[in-house]
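Work through the exercises below with the sequence and the model open. Try each task before reading its solution.

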Amino acid sequence: SELMEHYGAAFGHVLSNSFYPVLQGAIGVGSAFEGWSPREQDVVYRVLVPMSPPRGHSFQLELDSAGQRQVRNFRVRVQLECTCRREQQAGNMLCFLHHPEEELRSKQDPSLLDTLCTDSYLDVHKTACWFYQLVGAVWPALPQSHAWHLTLLPSRRSCQFKVSDGTESFRIEMLFGVRRDDSHVFVSSQTREAYTASTTWPETYAVAEAEFFKHIARQAPPDSLHLKCLQFFTRLQLGFSFSTYTMKTVVMHLLNAVPVSSWRRRDLLPRLADISDSLRLCLQARRLNHFIVGNRRLPGHISLPRDVQRGKTHNLLRNLQQQSAAHTQAISDYQVL
């Protein structure tokens, strides 16, 4: 968290007068920040860095309606905005729309459309490459650079790196995204499919899920074992046909239904049984509803776009409906589990 704060301050200083995206404070997401990493020796600290448009630009999110995917994909259209009136007040920026191209080329840095976009759409691969350059360039100015070594790791849709001091090391993945309607839902660089086009930004609910775990933590008694229960099952099921996210979703539904006062140390065995029974029922029914999409029983402070809150939920086990062999395997795996 401290490293991300220092990076955020450095980014703000370096990019203050540029036409690159404005980077906001990093948000910790995923198991490492939620407190239930399945393998503590292989923890990856994932952070989402929200981006907003620079001066003279705007972002328009366009839903990609191609196909019937459960994960909704968006494209981020970058449009130029007139800054003539602001230009008269500030006197330090030419309007990209109304000044001659020759004057813009000679007196001003190129627009975002000419740096990180493909066909007017924000490009994930170009943005990731820019992030890599930025992270590496800023590192020597950070206080951590005096005692830690930075190693950049390959990735096309995020910025992954490792910092180590010879005895300890931390692996970090910086994702980047655009917030939807001032909510806890983003479109992000993270991909969930084998191939994702460079101008495709999948909708992500990771920030909303992290907010839910913070909500539970504020209400939970000091000896609550809800995170240990989740960690236990995610470790146990590694290698089986149901995913870590399936187990996380099962537990989130239970946490939303069973009072947090019932997750104390003395309740360990009943809660483990609840998780096991919930998983069994879901596998038998071949259905597990997404926890965020279409869920109207979320804590009130978790803000969702209207189409996400009132939309039709996903079935995370849809493949078991479509493939009888997969369903048979899942039931067999559950019996072994």
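## Exercise 1: Cysteines

This predicted model contains zero disulfides.

**Task.** Explain why Cys95 forms no bond with Cys84, the cysteine with the closest sulfur.

**Solution.**
- Step 1. Take the distance. The sulfur of Cys95 lies 3.8 Å from that of Cys84.
- Step 2. Apply the cut-off. A disulfide needs two cysteine sulfur atoms within 2.5 Å.
- Step 3. Conclude. The two sulfurs are too far apart, so Cys95 and Cys84 are not bonded.
- Step 4. Turn to Cys282. The nearest cysteine sulfur belongs to Cys229 and is 17 Å away, and Cys282 is in no disulfide.

**Task.** Classify Cys95 and Cys282: buried or exposed?

**Solution.**
- Step 1. The cut-off for buried is under 20% relative accessible area.
- Step 2. Cys95 has 0% relative accessibility, so Cys95 is buried.
- Step 3. Cys282 has 15% relative accessibility, so Cys282 is buried.

## Exercise 2: Strands S8, S9 and S10

**Task.** Trace the pairing from S8 to S9, then from S9 to S10.

**Solution.**
- Step 1. Start with S8 (residues 149–153) and S9 (residues 159–164). They pair in the antiparallel sense, over five bridges.
- Step 2. Find the connection. Five residues link S8 to S9 in a hairpin.
- Step 3. Set the register. Thr151 is opposite Lys162 in S9, and Leu153 has Gln160 of S9 as its bridge partner.
- Step 4. Move on to S10 (residues 169–179). S9 and S10 also run antiparallel, with six bridges.
- Step 5. Follow Lys162 across. Its bridge partner in S10 is Arg171. Lys162 thus links both registers, with Thr151 opposite on the S8 side and Arg171 as partner in S10.
- Step 6. Check the turn. Four residues separate S9 and S10 in their hairpin, and Gly166 there has a positive phi of about 100 degrees.

## Exercise 3: Enclosed cavities

**Task.** How many cavities of 30 Å³ or more does the structure hold, and which residues line the largest cavity?

**Solution.**
- Step 1. Count. The search of the whole structure gives two cavities of 30 Å³ or more.
- Step 2. Take the largest cavity. It holds about 40 Å³ of space.
- Step 3. List its lining. The residues are Met4, Tyr7, Gly8, Phe11, Gln24, Gly25, Ala26, Val49 and Met174.
- Step 4. Assign elements. Helix H1 (residues 2–14) supplies the largest share, four residues.
- Step 5. Sort by class. Six lining residues are nonpolar, three are polar and none is charged.
- Step 6. Take the second largest cavity. Its volume is about 30 Å³. Val29, Leu48, Leu175, Ser188, Gln190, Thr204 and Ala206 line it. They divide into four nonpolar, three polar and no charged residues.

## Exercise 4: The largest pocket

**Task.** Describe the largest pocket by volume, lining class and domain.

**Solution.**
- Step 1. Volume. The largest pocket has about 990 Å³.
- Step 2. Centre. Its lining has 32 residues, and Gln190, Arg192, Thr244, Tyr245 and Lys248 are the closest to the centre.
- Step 3. Elements. Those giving two or more residues are helix H2 (31–34), strand S3 (44–52), strand S12 (201–204), helix H6 (206–219) and helix H8 (244–257). H8 gives the most, three residues.
- Step 4. Class. The lining has twelve nonpolar, ten polar and ten charged residues.
- Step 5. Domains. Domain 1 (1–204) and domain 2 (220–336) each contribute at least three residues to the lining.
- Step 6. Cross-check. Gln190 lines the second largest cavity and is among the residues closest to the centre of the largest pocket.

Terms used:
Residues numbered from 1 in each chain as written. Predicted model: local features only at pLDDT ≥ 70, side-chain atom pairs only at ≥ 80, totals over all residues. Heavy atoms only, no water. 1 Å grid on protein atoms, 1.4 Å probe; cavity = no way out; pocket = protein on both sides within 12 Å on 5 of 7 lines; lining within 4 Å. Points joined across faces, edges and corners; volume = space filled by probe spheres on them. Nonpolar A, V, L, I, M, F, W, Y, C, P; charged D, E, K, R; others polar. Domains from an automatic or database assignment. Pairing = 2+ DSSP bridges. Buried < 20%, exposed > 50% of the residue type's maximum accessible area, 1.4 Å probe, protein only.
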